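Work through the exercises below with the sequence and the 3D view side by side. Try each task before reading its solution.

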Amino acid sequence: MSIIDKLFHPGGAPVGRAEPIPTAERSFINGRPLMAPYPDGLQLAHFAMGCFWGVERKFWQTEGVWVTAVGYMGGTTPNPTYQETCTGRTGHTEAVRVVFDPAVVSYESLLKLFWEGHDPTQGMRQGNDMGTQYRSAIFTGGAEQAATARASLEAYQTALTAAGRGRITTEIAPAGPFYFAEDYHQQYLAKNPGGYCGVGGTGVVCPIGVGVAAG
């Protein structure tokens with residue numbers, strides 16, 4: 001049973017819609033297409049770690065990331081709106097799609113940024129942002145990503161425990177549909193540099209990349 005199955009009955013979720021909601025076609029940062037198909041050789045990663053405005057900025061600033069987009073994942077409502085997601089009844093979390101070049105930046109490096117970029121011990125919240133849509137999650141694309149993600153969780157839990165921090169509540173699950181969020185959410189902090197960012201880390205370094213492998 002998934003974490004969402006434990007939180008609500010799908011019968012109470014908004015019905016959603018058959019067609020995707022309108023959104024941007026290209027990145028405000030670099031003009032690259034937000035949606036597939038992407039150039040050959042690139043890979044996908046999907047992370048949820050609080051309000052997706054600040055999360056997306058962390059990844060678009062990373063060398064080797066080709067394009068980023070924000071959306072909704074992990075729930076049951078097809079093609080949800082932001083307002084529907086904020087009710088907590090869709091089961092979705094605010095997520096970021098990271099399209100990256102593995103020849104430049106590894107999946108392990110993205111996981112290190114994920115763990116250090118937020119507090120993964122907070123359950124259904126991140127800082128002052130509370131609700132299921134702010135929960136921590138890694139949505140994996142295949143067995144290799146899943147194994148690497150789980151190994152990284154174990155490594156970071158060891159570091160957090162040594163620092164006197166709590167247990168990680170991050171959900172790791174196979175990636176289902178990624179529903180693109182509305183146009184105004186895409187690359188929000190590039191459009192609004194002084195905008196809200198509620199994402200902050202624990203200060204505990206993730207040992208991946210410093211002699212500890214994640215797989």
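Two strands pair if DSSP finds at least two bridges between them. Helices (H or I, at least four residues) and strands (E, at least two) are DSSP runs, numbered from the N terminus. This is a predicted model: local features need pLDDT of at least 70, side-chain atom pairs count only at pLDDT 80 or more, and totals for chains, interfaces and linings use all residues. Residues are numbered from 1 along each chain as its sequence is written, and side-chain values use heavy atoms, leaving out hydrogens and water.

**Exercise 1.** Trace the order of the strands in the open sheet.

Solution. Start at β7 and move through β6, β1, β3 and β2 to β8. That makes six strands with mixed pairing. Now check the edges: β7 (171-174) and β8 (179-180) each have a single partner strand, so one side of each lacks a neighbour in the sheet.

**Exercise 2.** Describe how β6 meets β7.

Solution. Find β6 at residues 136-140. It runs parallel to β7, with four bridges between the two. One bridge joins Ala137 to Glu171 of β7.

**Exercise 3.** Locate Pro37 and inspect the peptide bond before it.

Solution. Go to the loop between α1 (3-7) and β1. The bond from Ala36 to Pro37 is cis, with omega near 10°.

**Exercise 4.** Is Gln187 buried or exposed?

Solution. Look in the loop between β8 and α6 (188-191). Gln187 is not a glycine, yet its phi is positive, about 50°. Its relative accessibility is 1%, so Gln187 is buried (under 20% relative accessible area; exposed is over 50%, partly exposed in between; 1.4 Å probe, protein chains only).
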